[in-house]
Amino acid sequence: MITRIILEELKKPFQIKGHEIVTTASIGIVSSLAEYTSAEEVLRDADIAMYRAKVLGKDCIEVFSPDLHDQVFLRLALENELRHALENREFELYYQPIYSLVTDQIAGFEALIRWNHPTRGLLLPNEFLPIAEETGLILPIGQWVLYEACSQLSRWREMDPALRNLSINVNTSPRQLKQPDFVEQVIETLVETGLSADALKLEITESMVMDNPVIINELFHRLYHLGVQLQVDDFGTGYSSLSYLQHFSFHSIKIDRSFIQEMDRPGRKSDLVRTMVQMAHDLGMNAIAEGVETEEQRAELKRLTCQYAQGFLLAKPMDRTAAERCLELEMDLVPGHFD
C-alpha cells in the first residue's frame, strides 16, 4: 500500500545542522470520490480520517467511512456541551470510601466526577474527561473538582470530632500539573474552604511524573512542604523503572486493580502484591489496594499488611447524601446528623 510506503519513508532520519531528525505522520484517506461534489468535501472527510488516525496513536492510517463522520460530529457536539456544563452546574461529585484494613473504618474518600448530561443521563469520567484533557477544558473542570471536594470534606470534618481525621483524594491531570500557578491554586482552595493541607491527597499517575521530572520534582517539593499528601495512582501500570519513587515526595502508592484481581485466579499467587506492599513500607509509604471485590482479596491484603483498600466489596462510589448516610452508620452518629 502506497500510504504505508510513505509512512516508512517519512520515518527515515535526516540531518539538519548536524542534528538527526526523525518524523512521523498520520494519514487520512478518502477511498472513493463518487459521492462528492466538491474538492472541499473530499478534503473535509480526509481531514476527519486523519484526525482519527492521530487519536489512535499517530503514525497511523485511517480510511474515511460514514460512521467515522458521525463519530466526529458526535464528539464535536459533546465538546460544545462540555463547554457549557460547568456554568449550567451539570457536574456532580461522587465519593468512594477508602477503608483502613487495620480498623475496618472509613479513612477517607476519593472524589470522582460525574456529568449529569441533560439528554444522555449520568456520564462516567471516561466518557468526557479525555475530550476535556485534549481541549484544555480539564483546567476549569479540575479546579472545580478540587474546590468542591475540599469544601465538602471541610464541612464533614466540622460536623463531629469523630470525622476530623477524614481525608479526600483528588485526581490530578497532566495539564493541571503543568500550570505554573498550580500550587497557588491549591493554597487558595485550602484557605477558602478552611481545609487543612494534610487532609488533601492528590493522585498522580506514574507517566505524569516521568513526562517532565525536573519541573514535577520542584512542584512536588512545594506541595510536600505545604503538607499536601501525594499518591501514585494505578501503581504498576506505568513507568517501568521504580527508581523514581526514591526521588519524589510520595506518601502512598495505590496498587492498580489489575494486580488485585490476579490474586483470585487459580494458580496465581500474591507475590507481586506482597512485593509492592513491602516496597512501600521500606520507603516509608502507605499501600492502598484499588478494586477490591471479594472477601478473599480483603483477607489476603490484610495478611500482607496492606494498610488501606477501596473497591465495590467495601463500597461503590456514591453521591453526597449516600456518603453522609454511610458516615452516620460508620461513626454511630445520630440519623439526620448532616441535615
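This is a guided tour of one chain, moving from the whole fold to its helix packing and then to single residues.

**The whole chain**

Begin with the complete chain in view, keeping in mind that the model is predicted. Along its principal axes the C-alpha trace spans about 70 × 45 × 45 Å, and if you colour by secondary structure you will find 13 helices and 13 strands. Of the 339 residues, 45% count as buried. Among contacts in the chain with a separation of 6 or more, 64% are between residues 24 or more positions apart.

**Helix 7 and its partners**

Select helix 7, residues 182–193, together with helix 9, residues 213–226; their axes come within 10 Å and cross at roughly 20°. Because angles under 35 degrees count as roughly parallel, helix 7 is described as roughly parallel to helix 9. The crossing of these two helices is right-handed. Show side chains next: from helix 7, F182, V183, E184, V186, I187 and L190 take part, and they meet L219, R222, L223 and L226 of helix 9. Sorted by class, the residues of this contact are eight nonpolar and two charged, with no polar ones.

Keep helix 7 displayed and add helix 5, residues 138–159, whose axis lies 9 Å from that of helix 7, the two packing at an angle of about 30°. That angle makes helix 5 roughly parallel to helix 7, and their crossing is right-handed. On the helix 5 side, the residues to select are Q143, L146, Y147, C150, S151 and S154, while helix 7 contributes Q185, V186, T189, L190, E192 and T193. Here the class count is five nonpolar, six polar and one charged. V186 and L190 deserve a label, since they appear in the contact with helix 9 and also in the contact with helix 5.

**Helix 12 and the loop after it**

Move now to helix 12, residues 295–303, and pick out its buried residues Q297, E300 and L301. Viewed down the axis, these residues cover an arc of only 100°, so they lie on the same side of helix 12. To see what covers them, add helix 10 (257–262), helix 11 (271–282) and strand 12 (286–289), which are among the covering elements.

From E300 you can step to S270, which sits in the loop between helix 10 and helix 11. S270 is buried, with a relative accessible area of 10%. Apart from its neighbours within four places in sequence, S270 is in contact with M263, E300 and L304.

Continue along the chain to T305, which follows helix 12 and lies in the loop between that helix and strand 13 (308–309). What is the phi of T305? The value is near 60°, a positive one in a residue other than glycine. Most residues other than glycine have a negative phi. T305 counts as partly exposed, at 46% relative accessibility.

For another positive phi, select D234, which has a value of about 50° although it is not a glycine. D234 lies in strand 10, residues 229–235, and is partly exposed, with a relative accessible area of 26%.

**Strand 13 and strand 5**

Return to strand 13 and select A309. Is A309 buried or exposed? With a relative accessibility of 0%, A309 counts as buried. Setting aside residues up to four places away in sequence, A309 touches P97, I98, Y99, L101, I288, A289, V292 and L314. A distance to try in the viewer is the one from A309 to N171, which are 138 residues apart in sequence and 17 Å apart in space, C-alpha to C-alpha.

Finish at Q96, which lies in strand 5, residues 91–100, and is buried, with a relative accessible area of 7%. Which residues does Q96 touch, not counting those up to four places away in sequence? They are G108, F109, E110, L112, Q310, G311, F312, A315, K316 and P317. As a last distance, draw a line from Q96 to H247, which is 151 residues away along the chain; their C-alpha atoms are separated by 30 Å.

Notes:
Residues are numbered from 1 along each chain as its sequence is written. This is a predicted model: local features need pLDDT of at least 70, side-chain atom pairs count only at pLDDT 80 or more; totals for chains, interfaces and linings use all residues. Side-chain values use heavy atoms; hydrogens and water are left out. Axes are lines fitted to C-alpha atoms, for helices over the stretch in contact, and angles run from 0 to 180 degrees between N-to-C directions. Helices (H or I, at least four residues) and strands (E, at least two) are DSSP runs, numbered from the N terminus. Angles under 35 degrees count as roughly parallel, over 145 as roughly antiparallel, 65 to 115 as roughly perpendicular and the rest as oblique. A crossing is left-handed if the near helix is turned anticlockwise from the far one by less than a right angle, and right-handed if clockwise. Contact means heavy atoms within 4.5 Å. Ala, Val, Leu, Ile, Met, Phe, Trp, Tyr, Cys and Pro count as nonpolar, Asp, Glu, Lys and Arg as charged, and the others, Gly among them, as polar. Buried means under 20% relative accessible area, exposed over 50%, partly exposed in between (1.4 Å probe, protein chains only). The arc is that of the directions from the helix axis to the C-beta atoms.
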